[in-house]
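Welcome! Take a moment to look over the sequence and the model, and then we can walk through them together.

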Amino acid sequence: MARARSRKAAGSERPPRWSDSVAAEALRAMPEAVVVCDRDGRIVAANDAVHELLGYPEGKLVGKMGGVKGQRPGEFGLVTHAVQDSHNNYYISEYGEYDRIQKFSPEGKFLFQFGGHGSEPGQFLRPQKMAVDKEDHIWVADACNHRIQAFDATGSEAKLIKIW
């Protein structure tokens, strides 16, 4: 399935910002990238082709997570999104055979994972986007189950707290 890409409108001559140029470089190198900005202003790009996340503060690559396709801790399938909580932990969502969310420390150390492929509460069929609220609850758009699930993942495991 082809993904839609936004293009700069003709005649729009806005000067590029730092994040625009880094994001553009990441997207040219990895056309299937998901690009987000973390709490420290770092651009994080997910490269599905090689199953890794790349961190770009100040325009240069400084860190990677993953790099291996698989279901073990720290391995990735098809990454859909990345968010950070107030303690700078990363949450990475992915779909395919795995349909899960992995939690990593600010240094990139695997902490735990939750979810799994399915339609039962706490499982996912393509976790697409995430958001973190002021209580560090992780809100997940569970696309193919047509619902939103909220989790408390502040401890050593995630607890489902709400389903819409």
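In what order do the four strands of the open sheet lie? The order is β5-β6-β7-β8, with antiparallel pairing.

## Before we go on

This is a predicted model, in which local features need pLDDT of at least 70 and side-chain atom pairs count only at pLDDT 80 or more, while totals for chains, interfaces and linings use all residues. Residues are numbered from 1 along each chain as its sequence is written, and side-chain values use heavy atoms, with hydrogens and water left out.

## The four-stranded sheet

Strands here are DSSP runs of E with at least two residues, numbered from the N terminus, and two of them pair if DSSP finds at least two bridges between them. At the edges of the open sheet are β5 (78-84) and β8, each pairing on one side only. On average, neighbouring strands of this sheet are turned by 20 degrees against each other, direction ignored; the axes behind such angles are lines fitted to C-alpha atoms, and angles between N-to-C directions run from 0 to 180 degrees.

Let us move along the sheet. Strand β6 (residues 90-95) runs antiparallel to β7, and five bridges join them; Glu-94 has Arg-100 in β7 as its bridge partner. Strand β7 (residues 100-104) then pairs with strand β8 (residues 110-115), again antiparallel and over five bridges. Here Gln-102 is matched with Gln-113 in β8.

## A turn and its loop

β7 and β8 form a hairpin with five residues between them, and Gly-108 in the turn has a positive phi of about 95 degrees. Ser-105 also lies in the loop between these two strands. Is Ser-105 buried or exposed? Ser-105 counts as buried, because its relative accessibility is 9% (buried means under 20% relative accessible area, exposed over 50%, partly exposed in between, with a 1.4 Å probe and protein chains only). Leaving out residues up to four places away in sequence, Ser-105 touches Asn-88, Asn-89, Tyr-90 and Leu-111, where contact means heavy atoms within 4.5 Å.

## Rings that meet

Rings of Phe, Tyr and Trp (its six-membered ring) pair if their centres lie within 6.5 Å; planes under 30 degrees apart count as stacked, over 60 as edge-to-face and the rest as tilted. By this rule there are six aromatic pairs. Phe-114 and Phe-151 have ring centres 4.9 Å apart and planes at 50 degrees, so this pair is tilted. Because Phe-114 lies in strand β8 and Phe-151 in strand β11 (residues 147-152), the pair ties together parts that are 37 residues apart in sequence. Both Phe-114 and Phe-151 are buried, and ring pairs link them with Phe-112 and Phe-124 into a cluster.

Rings can meet charges too: a charge sits over a ring if NZ of Lys or CZ of Arg is within 6 Å of the ring centre and within 35 degrees of the ring normal. Arg-126 has its charged end over the ring of Tyr-95, 4.0 Å from the centre. Arg-100 lies over the face of Tyr-98, at 5.4 Å from the ring centre.

## The nonpolar core

A nonpolar core is a set of buried Ala, Val, Leu, Ile, Met, Phe, Trp, Tyr and Cys residues joined through side-chain atoms within 4.5 Å. The largest one has eleven residues, among them Val-83, Phe-112, Phe-114, Phe-124 and Phe-151. Two or more of its residues come from each of β8 and β10 (137-142). A second, separate core of seven residues includes Val-44, Phe-76, Ala-82 and Tyr-90.
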